[in-house]
Amino acid sequence: MKRLGNISQEVETLQNFREAFYDFSRGKRSRLAVQAFEAELETHLQALLDAYTLQTWHTSDYESKMVERPKHRLVNKLPVADHVIQHAAMHTCEDRLRAKIAFCSPAGTKGRGTHFFYDIVKRDIFSSPQQETFYCLPMDIHHYFQTVDHSLLKSEYRLYIKDRKLLAFIDEVVDSYANGIVLGVKLTQLLGQIFLARFDYLAMRCFDLLQDLDKHAYWQARYVSDMLVTCRTEQQARVINMGGKIAQ
C-alpha cells in the first residue's frame with residue numbers, strides 16, 4: 001500500500017489556506033464569528049500558515065453543546081481558526097485518502113449522500129434476479145466516535161500517510177479530545193472512516209460465509225462477542241428462527 005508523502009509542501013501556501021477558508025465558510029458567511037475572521041482574512045490566514053509550518057498549533061478548548069437533530073448527541077464547537085486550519089491540512093489530500101476507503105462507504109464524501117447509498121443498496125438487491133433477498137440487517141457501532149482508541153487510530157492512518165508534519169498535526173487534533181474522536185470538526189468523519197477502512201474491505205469478503213462453515217466460525221469467534229435479536233410479533237420470531245436454522 002503506497003502511503004501519501006510530501007503533502008505539507010502542498011498545504012503550506014496562502015492560496016491553500018484561502019481555499020480552505022472559503023470551503024469551510026460556505027453557507028456560514030452570515031455568522032458573526034466568520035465575518036470577524038474574514039474582516040482580517042489575510043492576517044489570520046498567515047498566522048495559521050505559520051502555525052502549521054512551524055508546528056506550533058494547539059487546538060483551542062472545546063465548547064460542548066447538546067443537539068437534537070438529526071439525533072440526540074453531544075457535539076463540540078471550536079473557533080473559526082481551528083476549522084480553517086483543519087480544512088487547509090486536508091484540502092490537498094482528502095480526495096486521495098478517500099480513494100482508499102471502500103466505494104460503498106460513502107459517509108462524509110461529497111456527492112455521496114443518502115440517495116447515493118440508497119441506490120447502492122437497491123442495485124445490490126436487484127442486480128441478481130435469480131437470487132431472492134430474505135433479510136436486511138442494519139447494524140451500528142454503539143457510541144463509535146466516543147470509543148475510538150487513540151493509539152489504534154494513529155496506527156491506522158499511518159498506513160495511508162507518511163508526511164511527518166501532517167501526521168504531527170493530526171495527532172495533535174486527535175489528542176486534543178480525551179474521549180475518542182470529537183464530533184463537530186473537519187477531521188472526525190474522515191478519521192472515523194479510515195479507522196474502519198480495512199475492516200470494511202474484510203467484511204465485504206464475508207458475504208459467502210454460510211457456504212464455508214470454517215470461515216464462518218473463524219469470523220464469528222474473532223469479531224462477535226454478543227448477539228441480541230429482538231422482534232415485535234410471533235410471526236417475526238418464526239422468521240428469525242428460520243434464519244437461525246438456516247445459518248446453522
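## A pocket, a cavity and two helix crossings

His-83 is found in helix H5, and this residue makes a handy entry point into the predicted model. At 12% relative accessibility, His-83 lies under the 20% cut-off and therefore counts as buried. Leaving aside residues up to four places away in sequence, His-83 touches Phe-24, Leu-78, Gly-184 and Val-185. Some of these names come back below, in the pocket and in the cavity.

**The chain as a whole**

Let us step back for a moment. The chain has 12 helices and 2 strands. Read along the sequence, the elements follow the pattern α-α-α-α-β-β-α-α-α-α-α-α-α-α, with the two strands placed after four helices and before eight more. Of the 248 residues in the chain, 33% are buried. As for contacts between residues at least 6 apart in sequence, 67% of them join residues at least 24 apart.

**The second largest pocket**

Which residues lie nearest the centre of the second largest pocket? They are Phe-24, Lys-28, His-83, His-87 and Gly-184, out of a lining of 26 residues. The volume of this pocket is about 820 Å³. Several elements give two or more residues to its lining: helix H2 (14–25), helix H3 (32–39), strand E2 (73–77), helix H5 (80–91) and helix H6 (94–98). H5, the helix that holds His-83, gives the most, with 4 residues. Sorted by class, the lining of the second largest pocket has 8 nonpolar, 7 polar and 11 charged residues. His-83 itself ties two of the central residues together, as Phe-24 and Gly-184 are both among the residues that His-83 touches.

**The cavity**

Rolling a probe the size of a water molecule over the atoms shows where empty space is left. How many cavities of 30 Å³ or more does a search of the whole structure find? The search finds 1. About 50 Å³ of space lies in the largest cavity. Its lining consists of Val-173, Val-174, Ile-181, Val-182, Val-185, Leu-187, Thr-188 and Leu-191. By class, that lining comes to 7 nonpolar, 1 polar and no charged residues. Helix H9 (164–175) and H10 each supply at least two of these residues, and H10 gives the most, with 3 residues. Val-185 belongs to this lining and is also one of the residues touched by His-83.

**Two helix crossings**

H10 also takes part in a crossing with H8, and H3, already named for the pocket lining, crosses H4. The table sets out both pairs.

| Helix pair | Axes come within | Crossing angle |
|---|---|---|
| H8 (150–157) and H10 (186–204) | 9 Å | roughly 75° |
| H3 and H4 (41–54) | 5 Å | roughly 90° |

Angles of 65 to 115 degrees count as roughly perpendicular, and H8 and H10 are therefore roughly perpendicular to each other. Their contact is made by Leu-152, Leu-153, Glu-156 and Tyr-157 of H8 together with Leu-191, Ile-194, Phe-195 and Arg-198 of H10. These residues divide into 6 nonpolar, no polar and 2 charged. Leu-191 thus has two roles to keep in mind: Leu-191 is part of the contact with H8, and Leu-191 also lines the largest cavity.

H3 and H4 are likewise roughly perpendicular to each other. On the H3 side, Ala-36, Phe-37, Glu-38 and Ala-39 meet Leu-41, His-44, Leu-45 and Leu-48 in H4. The residues of this contact divide into 6 nonpolar, 1 polar and 1 charged.

**Around the end of H10**

Two further residues are worth a visit while you have the structure open. Cys-104 lies in the loop between H6 and helix H7 (114–126). Is Cys-104 buried, exposed or partly exposed? With a relative accessible area of 32%, Cys-104 is partly exposed. Its contacts, not counting residues up to four places away in sequence, are Phe-117, Ile-120 and Met-204. Cys-104 and Met-204 are 100 residues apart along the chain, and their C-alpha atoms are separated by 10.0 Å.

Trp-219 has its place in helix H11 (residues 213–223). At 15% relative accessibility, Trp-219 counts as buried. The C-alpha atoms of Trp-219 and Ala-203 are separated by 9.3 Å, with the two residues 16 apart along the chain.

Definitions and conventions: Residues are numbered from 1 along each chain as its sequence is written. This is a predicted model: local features need pLDDT of at least 70, side-chain atom pairs count only at pLDDT 80 or more; totals for chains, interfaces and linings use all residues. Side-chain values use heavy atoms; hydrogens and water are left out. Axes are lines fitted to C-alpha atoms, for helices over the stretch in contact, and angles run from 0 to 180 degrees between N-to-C directions. Angles under 35 degrees count as roughly parallel, over 145 as roughly antiparallel, 65 to 115 as roughly perpendicular and the rest as oblique. Contact means heavy atoms within 4.5 Å. Ala, Val, Leu, Ile, Met, Phe, Trp, Tyr, Cys and Pro count as nonpolar, Asp, Glu, Lys and Arg as charged, and the others, Gly among them, as polar. On a 1 Å grid over the protein atoms alone, a cavity is a set of points where a 1.4 Å probe fits but cannot get out, and a pocket is an open set with protein on both sides within 12 Å along at least five of seven lines; lining residues have an atom within 4 Å of a point. Grid points are joined across faces, edges and corners, and a volume is the space filled by probe spheres set on the points. Buried means under 20% relative accessible area, exposed over 50%, partly exposed in between (1.4 Å probe, protein chains only).
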